[in-house]
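Work through the exercises below with the sequence and the structure at hand. Each task is followed by its solution in steps.

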Amino acid sequence: RGGQGVIGSETKDNDFIQHLFVASTHDYILFFSNQGQCYWLKVYDVPQLSRQSRGRALVNVLEMRQNETVASMIPVREFDDRNLVMATANGIVKKTELAAYSRPKRGGIIAINLTDGDSLIGATLTRPNDEIVLGTREGYAIRFNESECRAMGRATTGVRGIKLRKGDRVISMT
């Protein structure tokens, strides 16, 4: 496309590209915060800047709370029969139908109820019979089938995905 994206993906000042996805202008992007909120944005509402610009902080585009960071971004074309699986640092896993996130509010909606000291570490789209792997800071991991976790409503806590040892935290979900 005429070299477009070459300078935009160049890293500066110890930056690195963590996630790259392709989306149409009419797709949606679901942003899941570490505090369990879900924010919704049409791709055409993402500010268009020049190739040489540094970008714009998400807190200027979304109405996020103070000390809230984005844990996951999920591009969605349509809200179909897929499921969203979320994991927290304390080992809680929650599966919800994607259609439950089709009517957002400007200030965000509750994606998962979190207990004190817990935070959302990731969210991903799944289909039946997909495998989920949770990895911990101490080097432990667990793999289970997506169908072993029952679907729940939006404002619920979830179920235990992994039993953690003292001082351990979940750091990754794939």
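**Exercise 1. Locate methionine 86 and describe its surroundings.**

Step 1. Methionine 86 lies in strand β4, which covers residues 83-88. Strands are DSSP runs of E with at least two residues, helices are runs of H or I with at least four, and both are numbered from the N terminus. The model is a predicted one, in which local features need pLDDT of at least 70 and side-chain atom pairs count only at pLDDT 80 or more, while totals for chains, interfaces and linings use all residues. Residues are numbered from 1 along each chain as its sequence is written, and side-chain values use heavy atoms, with hydrogens and water left out.

Step 2. The relative accessible area of methionine 86 is 0%, so the residue is buried. Buried means under 20% relative accessible area, exposed over 50%, and partly exposed in between, with a 1.4 Å probe and protein chains only.

Step 3. Contact means heavy atoms within 4.5 Å. Leaving aside neighbours within four places in sequence, the contacts of methionine 86 include Phe32, Tyr101, Leu120 and Met173. Leucine 120 is 34 residues from methionine 86 along the chain, and their C-alpha atoms are separated by 7.3 Å.

**Exercise 2. Which strands pair with β4, and how are its faces covered?**

Step 1. Two strands pair if DSSP finds at least two bridges between them. β4 and β5 are antiparallel and share 5 bridges; in this pairing valine 85 stands opposite lysine 95.

Step 2. β4 and β5 form a hairpin with 3 residues between them. Glycine 91, in the turn, has a positive phi of about 90°.

Step 3. β4 also runs antiparallel to β7 (residues 120-126), joined by 6 bridges. Here methionine 86 faces alanine 123 as its opposite residue.

Step 4. In β4, 6 of its 6 residues are buried. Asn83, Val85 and Ala87 are on one side, Leu84, Met86 and Thr88 are on the other, and both faces are covered.

**Exercise 3. Sort the aromatic pairs by their geometry.**

Step 1. Rings of Phe, Tyr and Trp (its six-membered ring) pair if their centres lie within 6.5 Å; planes under 30 degrees apart count as stacked, over 60 as edge-to-face and the rest as tilted. By this rule there are 3 aromatic pairs.

Step 2. The ring centres of tyrosine 28 and phenylalanine 79 are 5.3 Å apart with planes at 45°, so this pair is tilted. Tyrosine 28 belongs to strand β1 (residues 28-33) and phenylalanine 79 to the loop between β3 (70-76) and β4, 51 residues apart. Tyrosine 28 counts as buried, at 18% relative accessibility.

Step 3. For phenylalanine 32 and tyrosine 101 the centres are 5.9 Å apart and the planes at 75°, so the pair is edge-to-face. Phenylalanine 32 is in strand β1 and tyrosine 101 in the loop between β5 (92-97) and β6 (109-110), 69 residues apart. Phenylalanine 32 and tyrosine 101 are both buried.

Step 4. One aromatic cluster consists of Tyr28, Trp40 and Phe79.

**Exercise 4. Give the strand order of two open sheets and find their edges.**

Step 1. One open sheet has 4 strands in the order β3-β1-β2-β6, with antiparallel pairing. β3 and β6 are at the edges with a single partner strand each, so one side of each has no neighbour in the sheet.

Step 2. β2 (residues 37-42) is joined to β6 by 2 bridges. Cysteine 38 has isoleucine 109 in β6 as its bridge partner.

Step 3. Another open sheet has 3 strands in the order β9-β8-β12, also paired antiparallel. Its edges are β9 (141-145) and β12 (170-173), each with a single partner strand, so one side of each lacks a neighbour in the sheet.

Step 4. Strand β8 (residues 131-136) and β9 are antiparallel and joined by 5 bridges. Valine 133 is opposite arginine 143 in β9.

**Exercise 5. Describe the chain as a whole.**

Step 1. The chain has 0 helices and 12 strands.

Step 2. The C-alpha trace spans about 50 × 35 × 35 Å along its principal axes.

Step 3. Of the 174 residues in the chain, 34% are buried.
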